[in-house]
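Reader: I'd like to learn how to read a structure like this one without getting lost. Can you walk me through it?

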Amino acid sequence: MDTSDRPARLAVGVLGAGRVGSVLGAALMLAGHRVVAASGVSDASARRAADRLGLNLSRPDEVIARSELVLLTVPDDVLPGLVSGLAATGADLRGKLLVHASGAYGLGVLDPAAQEGALPLALHPVMTFTGRSDDLTRLNGCSFGVTAPDMLRPVAEALVIEMGGEPVWIADRDRPLYHAALAGAANHMVTLVAESQELLAKIGVDHPGRMLGPLLSAALDNVLRLGISGLTGPVVRGDAGTVRKHVDALILAAPEAADAYVALARLTADRALAAGLLKPEAAERLLDALGGNIWT
């Protein structure tokens with residue numbers, strides 16, 4: 001599709017050509033924008049800039065000078081220092097769109113640059129990026145958590161749609177909770193599944209992933225469609241004896257996982273009780289089996 005005749009095509013710079021920055025830059029290129037410069041500090045960033053953006057790495061000040069839209073795609077802990085540094089060095093930020101892709105931060109982290117005339121946007125793709133070739137296609141249809149000043153909302157919406165995403169507006173004050181919800185679901189799920197695979201492998205299951213795949217796919221489908229009402233298993237059934245056996249087995253086989261199991265079982269019981277899926281007397285039996293109070 002020819003995008004060269006679209007209005008408002010921008011010169012894009014990428015500060016941090018890592019997994020996220022190189023993908024977002026490539027997506028903007030597909031929409032007809034020009035990625036003119038990129039910076040990075042690792043050999044992997046250099047490879048991604050070359051492979052995905054067709055660029056050699058430049059200095060950050062050169063990226064800023066050549067760009068109309070600048071992607072700040074660095075780790076969360078680096079972002080505040082980067083923005084403050086750009087403002088302190090006197091980089092000409094006037095009228096430039098400054099876009100970060102952090103889920104945890106809102107617009108406040110961009111305030112030092114905004115005071116120098118930059119136009120701040122927070123566009124967070126709700127997707128995991130592994131550095132594989134399919135990262136770009138995963139943007140198609142994925143949500144972006146978007147925070148923008150009122151006057152820039154149309155710009156933010158257009159950029160997300162051009163990258164293949166769906167904008168979802170997040171209030172600035174809600175960004176930390178928004179990101180905690182996403183990380184809690186996606187990141188902790190990976191840890192839980194990896195732990196389950198290791199436990200199954202420990203007892204001789206040759207292909208743990210093959211065993212878990214259909215079960216986990218069904219469980220994910222249930223919760224996305226039905227919420228907590230899609231819960232199954234021994235906790236919602238009130239099978240306290242089974243839950244106690246689980247805890248005892250984990251203490252012997254993987255004591256570091258036993259505490260996590262107990263904490264999650266308590267949370268599960270608490271939510272099931274609140275939803276009317278678990279009777280109070282069954283909750284009391286689970287409480288005894290778990291060795292603590294699910295309401296504390």
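**Reading one chain, feature by feature**

Author: Let's start with one residue: valine 190 counts as exposed, because its relative accessibility is 55%. The general idea is a set of cut-offs: buried means under 20% relative accessible area, exposed over 50%, and partly exposed in between (1.4 Å probe, protein chains only). Before we go on, this is a predicted model, where local features need pLDDT of at least 70, side-chain atom pairs count only at pLDDT 80 or more, and totals for chains, interfaces and linings use all residues. Residues are numbered from 1 along each chain as its sequence is written, and side-chain values use heavy atoms, with hydrogens and water left out.

Reader: Where does valine 190 lie?

Author: Valine 190 lies in helix α7. Names like that come from DSSP runs numbered from the N terminus: helices are H or I with at least four residues, strands are E with at least two. In this chain there are 12 helices and 7 strands. As for distance, valine 190 and tyrosine 178 are 12 residues apart in sequence and 19 Å apart in space, C-alpha to C-alpha.

Reader: How do I check the span of α7?

Author: The expected span of a helix is 1.5 Å times one less than its number of residues. For α7, with 28 residues, that gives 40 Å, and the end C-alpha atoms are 40 Å apart, so the two agree.

Reader: Where is the kink in α7 centred?

Author: On alanine 183, with a kink of about 30 degrees. To read a bend at a residue, take the angle between axes fitted to the seven residues ending there and the seven starting there. Just past the helix, α7 is followed by glycine 204, whose phi is positive, near 100 degrees.

Reader: What do the buried residues of α7 pack against?

Author: For packing, think contacts: heavy atoms within 4.5 Å. Arg175, Tyr178 and Leu200 are buried in α7, and the buried residues of this helix pack against β4 (97-100), β5, β6 (143-147) and α8.

Reader: How much space lies in the largest pocket?

Author: About 2300 Å³. A pocket, on a 1 Å grid over the protein atoms alone, is an open set of points where a 1.4 Å probe fits, with protein on both sides within 12 Å along at least five of seven lines; lining residues have an atom within 4 Å of a point. Points are joined across faces, edges and corners, and the volume is the space filled by probe spheres set on them. Here 43 residues line the largest pocket, and Leu192, Leu216, Ala219, Leu264 and Thr268 are the closest to its centre. Two or more lining residues come from each of α7 (175-202), α8 (208-226), α9 (234-237), α10 (240-253) and α11 (255-274). The largest share, 12 residues, is from α7.

Reader: How do the lining residues of the largest pocket divide?

Author: Sort them this way: Ala, Val, Leu, Ile, Met, Phe, Trp, Tyr, Cys and Pro are nonpolar, Asp, Glu, Lys and Arg are charged, and the others, Gly among them, are polar. The lining of the largest pocket has 28 nonpolar, 11 polar and 4 charged residues.

Reader: And which element gives the most to the lining of the second largest pocket?

Author: α7 again, with 7 residues. That pocket holds about 1200 Å³ of space. Its lining has 36 residues, with Val20, His124, Met127, Thr128 and Phe129 nearest the centre, and it divides into 21 nonpolar, 13 polar and 2 charged.

Reader: Is valine 35 buried or exposed?

Author: Valine 35 is buried, because its relative accessible area is 11%. This residue sits in strand β2 (residues 34-39). Leaving out residues up to four places away in sequence, valine 35 touches Val12, Val14, Gly25, Met29, Leu53 and Leu55.

Reader: How about a residue in a loop?

Author: Try isoleucine 228, in the loop between α8 and α9. At 28% relative accessibility, isoleucine 228 counts as partly exposed. Not counting residues up to four places away in sequence, isoleucine 228 touches Arg271, Ala275 and Leu277.

Reader: What share of the chain do buried residues make up?

Author: Buried residues make up 39% of the 296 residues.
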